[in-house]
Amino acid sequence: MQIWVDADACPVVIKEIIFRAAERLQISTTLVANQMLRTPPSRFIRAIQVPSGFDVADAHIVEQLAAGDLVITADIPLASLVIERGAYALNPRGELYTTANIQEILTMRNFMDELRGAGVETGGPAAFSLADRQSFANQLDRFLAKHMPA
């Protein structure tokens with residue numbers, strides 16, 4: 001199993017949690033972004049810079065991932081593609097996207113997008129909180145405990 005991080009919009013505190021997990025469990029972890037990223041010196045962590053453009057990082061992740069990999073992303077369409085490929089998706093707030101919930105989440109995202117397109121003020125996501133950070137760390141630990149070979 002490998003961890004992929006949709007890193008352009010991933011909060012720094014979440015990246016730090018991922019880095020610690022990668023080192024502790026010796027999991028190959030790749031951050032993908034269209035900008036240069038700094039990563040700690042590690043044989044388990046690397047960053048890939050892709051060209052700028054709409055969904056270029058997403059496409060790279062989908063092309064490279066294997067069934068059973070974990071992708072960290074807040075991008076719901078990307079999460080849907082990841083699940084279709086037999087991999088797992090976890091958002092930075094700790095929500096694990098699954099075959100059971102992804103369609104409903106994608107439908108709601110598209111509905112909100114249509115409202116915004118029609119000029120309805122929908123507001124944005126809540127500010128990233130300490131509870132979100134803790135939820136992510138807990139969900140990542142549970143996922144890795146369940147999916148890492150003993």
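**Close-up views of a predicted model**

**View 1. Surroundings of Pro 92 in the predicted model.** Pro 92 lies in the loop that runs between S5 and S6. With a relative accessible area of 8%, Pro 92 falls under the 20% limit and is therefore classed as buried. Beyond residues up to four places away in sequence, Pro 92 touches Pro 11, Ile 14, Ile 72, Thr 73, Ala 74, Phe 128, Asp 132 and Phe 136. Ala 137 is 45 residues from Pro 92 along the chain, and the two C-alpha atoms are separated by 9.0 Å.

**View 2. Ile 72 and the largest nonpolar core.** Ile 72 is in contact with Pro 92, and also with Ile 3, Trp 4, Val 5, Asp 6, Ile 14, Ile 18, Leu 90 and Phe 136, when neighbours within four places in sequence are left aside. The largest nonpolar core has 23 residues, of which Ile 3, Val 5, Ile 72, Phe 136 and Leu 140 touch the most other members. Two or more residues are given to this core by each of S1, helix H1 (12–25), S2, S4 and helix H5 (130–147). H1 supplies the largest share, six residues. A second, separate core holds 20 residues, including Ile 48, Leu 65, Ala 89 and Tyr 97.

**View 3. Strand order and pairing in the open sheet.** Six strands form an open sheet with mixed pairing, in the order S3-S2-S1-S4-S5-S6. S3 and strand S6 (96–97) occupy the edges; each has a single partner strand, so one side of each is left without a neighbour in the sheet. S1 and S2 pair in the parallel sense over four bridges, and Val 5 stands opposite Leu 31 in S2. The pairing of S4 with strand S5 (residues 88–90) is also parallel, over three bridges. In that pair, Leu 70 stands opposite Tyr 88 in S5.

**View 4. The two covered faces of S2.** Five of the five residues of S2 are buried. In a regular strand, side chains alternate between the two faces of the sheet. On one side of S2 are Thr 29, Leu 31 and Ala 33, and on the other are Thr 30 and Val 32; all are buried.

**View 5. Packing of helix H2 and the position of Leu 78.** The buried residues of helix H2 (residues 56–64) are Ala 57, Asp 58, His 60, Ile 61 and Val 62. These buried residues pack against strand S1 (3–6), strand S2 (29–33), strand S3 (45–49), strand S4 (70–72) and H3. Leu 78 belongs to helix H3 (residues 76–84) and is buried, with a relative accessible area of 1%. Among the contacts of Leu 78 outside its neighbours within four places in sequence are Asp 58, Ile 61 and Val 62, together with Asp 6, Val 71 and Thr 73. Leu 78 and Asp 6 are 72 residues apart in sequence, with a C-alpha to C-alpha distance of 9.1 Å.

**View 6. The second largest pocket and its lining.** The volume of the second largest pocket is about 240 Å³. This pocket is lined by 16 residues, and those closest to its centre are Asp 6, Asp 8, Ala 9, Asp 58 and Asp 75. H2 contributes the largest share of the lining, three residues. By class, the lining comprises eight nonpolar, three polar and five charged residues. Asp 6 and Asp 58, which line this pocket, are also in contact with Leu 78.

Conventions. Residues are numbered from 1 along each chain as its sequence is written. This is a predicted model: local features need pLDDT of at least 70, side-chain atom pairs count only at pLDDT 80 or more; totals for chains, interfaces and linings use all residues. Side-chain values use heavy atoms; hydrogens and water are left out. Buried means under 20% relative accessible area, exposed over 50%, partly exposed in between (1.4 Å probe, protein chains only). Contact means heavy atoms within 4.5 Å. On a 1 Å grid over the protein atoms alone, a cavity is a set of points where a 1.4 Å probe fits but cannot get out, and a pocket is an open set with protein on both sides within 12 Å along at least five of seven lines; lining residues have an atom within 4 Å of a point. Grid points are joined across faces, edges and corners, and a volume is the space filled by probe spheres set on the points. Ala, Val, Leu, Ile, Met, Phe, Trp, Tyr, Cys and Pro count as nonpolar, Asp, Glu, Lys and Arg as charged, and the others, Gly among them, as polar. A nonpolar core is a set of buried Ala, Val, Leu, Ile, Met, Phe, Trp, Tyr and Cys residues joined through side-chain atoms within 4.5 Å. Two strands pair if DSSP finds at least two bridges between them.
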